[in-house]
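Biologist: I would like a close look at a single part of this model. Please take one helix and then place it in its wider setting.

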Amino acid sequence: MVKRRRVIGYIAAIAAIAGGIFAGLIGIRRITQPTQLTPTPITTPKPVETPARTPIPGARIIAKKIPRVPIDPEDPMWSYVDELSIELGPQAMAYPTHTSPAMKSLRVRAAHDGELLGFRLEWSNPKPHVDVLDINRFADQCAVLLLPPRIPQDLLAAAWQMGTPEWPATILNWRADWQEDIDKGFREVEDLYPNIAIDGYAPYGGTATIKDLAKPARISEMPPEARKWLAGLSAGNIFSEPERRSSVAKLIAKGPGTITPLKTQDALGKGVWRNGMWRVVLAKRLKASDEALGELTMAPGALFYVAFAVWEGGSGERGGRKAISDLILAGLEA
Amino acid sequence: MPQVYNWQMGREMWYPYPSARPKRQAAGVFNLNKCIGCQTCTIACKTAWTSSKGQEYMLWNNVETKPWGSYPLGWDLKILSALGTQKWKKEGGTWVYKGSTIFEAARGERGLGYIPDPEDYANPNIGEDMVSIPLGRDGDRSRYIRGIPHVTWFFYLPRICNHCTFPACLAACPRMAIYKRSEDGVVLIDQLRCRGYRECVRACPYKKVFYNPETRISEKCVFCYPAIEGGEIPRCFRNCIGKIRTFGYINLPEKADPENPIDFLVHIKKVASPLLPQLGLEPNIYYVPPVHVDRRFIQMLFGPMGVEAVDNYLEAIRKQDVEVLGALILANSSEKIYTRFKVVGGDQVVGYDEKGHEVVRVPLKEPVYVRFRYDSGRNLYLTNTP
């Protein structure tokens, strides 16, 4: 008993000394730091701190049952859904690894309406990067990775790494450049370089003359036969598609480097950047439209695994160079 | 970790994938002594492949004036200075590279690299025709041409994708969207699988992968594979008016075929060497280095084999080696691919296709006609019009 008291005494003494040093350091910092003339106002809304009521044991994220999943991230309906702060770490498993990602945390809300499952992701990003219109420009992104709950425990770590051939991961990927395409029309070189001039492009067919070709035509204005000169578009690459319908792509992955767009691109979503904050909704149907290709089907009351990723385009983050969360067990409210 | 053998460096090196050489490797020999920097190759490529929107800045084929020109800006100096000291040592008649390749020097990456700035592409013909050092003041004749190598020099360096045996772009793509065709070794980007990460743009030390901001994915030289499949040489070869470019297929040095023009020039006569072999990619465009240039510069760009290639080439010219001259004279004299060549009758060189059919026949020396100043038959004087 005496011994324990002594130990407690020591701990208390060390704590007191450490506290004193800490206070002293703060004092020195206060003195040495220049006074801030204009304190930066923090407009970040306070996260809802009510702990999630867990009807499903073990689940850390509960997709709340609500009448309608709002696609607008600023819809007030989202304020009725509990928010969870999630830590993000480096992607250090697969090439190319990224040891110091720009984003450290993320706030997540999840909800479903029996038909759609939606996630609202929120992270602070002082300067948005919304285009990929030049060689050194990368866009902000976020993604939600979904896995079935019945994965054997020993395969979980592998499946977290973008799924496995047996346990493919369904991924929803929102991109700021796609959002910009939807909000303002497909972004092209003249949007970054308004004064671009050109002598002439490839024979675009029809009756176009060199004079007509002297100013760049938007892809949407090009005659259909001219589109074949855009190799990515001809190949059917979703990145090159000028008629974008959603800012969220629905992908399937069977391991690192394997993500492939699913046949039915029916994922919904929207991202809004305001006051240094990205708020993004990513939503998919509970009933998979591409189940044969491995898309995850979910049901109210059931569990699933989820992981998140955030890319800061300004830091050159893309592909595997990203910030990722742990694999989290989640459930849908019945 | 996979070790692959790179014959250009005379040693094994680290590469992320095991060695998988194609059934045959498409290659080219460019004779830099004949390049006049006319950019016809550049335009041939531009009109064939990169005249669409988003490709405005792209030159899959470019010709830069060395030493001052580069496209994109400083591509060679940036990677060479990042790589550090590059030492070669001759061991048993073979040059062995003792420094690091870009794969070996990469820390935490698959290759040493960087993404160029947009401005780096803005002046594709910077330094055109600029000499290495300015000529001296009036009366200072020390810098004028007095034998070989010249004191003051420049030369043109035409560059396309090297369709490397160990491509850095392929190594860097995390999606395996870049592949090397097993039938001819042409390196291509799958336009459906590419997601525009630009890891390939970052990794290619020759900076011959380009990002297309309109399709938002990357593109590169395709070695005119539809032409090759049809038995024709690529467009930049076909349109070369200086006839500096030989297209063909290269074998490994131990399997060199003396009738194969590429093997003959590269392996047997050793008059051509690859561009920056020390980077470790085993590039497949070979250059007959310019004879008049400072040998230190040749060593930097083409390795010590490049310096030897200059001597071998000068020796072949001095001796009037008809086979070397024949192989070089035949260069892109036909739009058809010839895989074998032969000097016949001592004064003609013939190219044959794979079936042994004659494709092209060129005289080793153009016939010369001497015309006298006074034409007595017509009773008139012939004058040269300047």
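Which residues are buried in helix α3 (residues 176-184) of chain A?

Modeller: This is a predicted model. In helix α3 of chain A, the buried residues are A:Ala176, A:Asp177, A:Trp178, A:Gln179, A:Glu180 and A:Asp181. The cover over these buried residues includes four strands of chain A, namely β7, β8 (248-253), β10 (268-274) and β11 (277-285). Just after the helix comes A:Gly185, with a positive phi of about 90°.

One of the covering strands, β7, leads to the largest pocket. That pocket holds about 580 Å³ of space. Strands β6 (141-147), β7 (169-175) and β12 (303-311) of chain A are the elements that each give two or more residues to its lining. The lining comprises 36 residues, and A:Met162, A:Pro256, A:Gly257, A:Gly320 and A:Lys322 are those nearest the centre of the pocket. By type, the lining residues are 23 nonpolar, eight polar and five charged.

Next, the other chain. Chain A offers 49 residues that are in contact with 35 residues of chain B. Between them the two chains bury about 3400 Å², with 51% of that area on carbon and sulfur atoms. Of the area that chain B buries against chain A, 24% comes from B:Lys53, B:Arg195 and B:Arg216, more than from any other three residues.

Chain B has a helix that can be described in the terms used for α3(A). Helix α8 (residues 261-268) of chain B is mostly covered, with seven of its eight residues buried. These are B:Pro261, B:Ile262, B:Asp263, B:Phe264, B:Leu265, B:Val266 and B:His267. Their cover includes strands β3 (25-31), β12 (245-250), β14 (285-288) and β15 (340-344) of chain B, along with helix α10 (322-329). At the N-terminal end of α8(B), B:Asn260 acts as a cap, placing a side-chain oxygen 2.9 Å from the backbone nitrogen of B:Ile262. After the helix comes B:Lys270, which has a positive phi near 50°.

A last point in chain B is B:Lys66, in strand β4 (residues 62-66). B:Lys66 is counted as buried because its relative accessible area is 0%, against a cut-off of under 20%. Its side chain makes a polar contact of 2.6 Å with the side chain of B:Asp76. Beyond its neighbours within four places in sequence, B:Lys66 is in contact with B:Trp75, B:Asp76, B:Trp153, B:Phe154, B:Phe155, B:Leu157, B:Phe297 and B:Leu301.

Note on methods
Residues are numbered from 1 along each chain as its sequence is written. Chains are lettered from A and ligands numbered from 1 in the order in which they are written. This is a predicted model: local features need pLDDT of at least 70, side-chain atom pairs count only at pLDDT 80 or more; totals for chains, interfaces and linings use all residues. Side-chain values use heavy atoms; hydrogens and water are left out. Buried means under 20% relative accessible area, exposed over 50%, partly exposed in between (1.4 Å probe, protein chains only). A polar contact is a pair of N or O atoms within 3.5 Å; within protein, one must be able to donate a hydrogen and the other to accept it, and residues adjacent in sequence count only if both atoms are side-chain atoms. Contact means heavy atoms within 4.5 Å. On a 1 Å grid over the protein atoms alone, a cavity is a set of points where a 1.4 Å probe fits but cannot get out, and a pocket is an open set with protein on both sides within 12 Å along at least five of seven lines; lining residues have an atom within 4 Å of a point. Grid points are joined across faces, edges and corners, and a volume is the space filled by probe spheres set on the points. Ala, Val, Leu, Ile, Met, Phe, Trp, Tyr, Cys and Pro count as nonpolar, Asp, Glu, Lys and Arg as charged, and the others, Gly among them, as polar. Buried area is the accessible area (1.4 Å probe) that two parts lose on being put together, summed over both.
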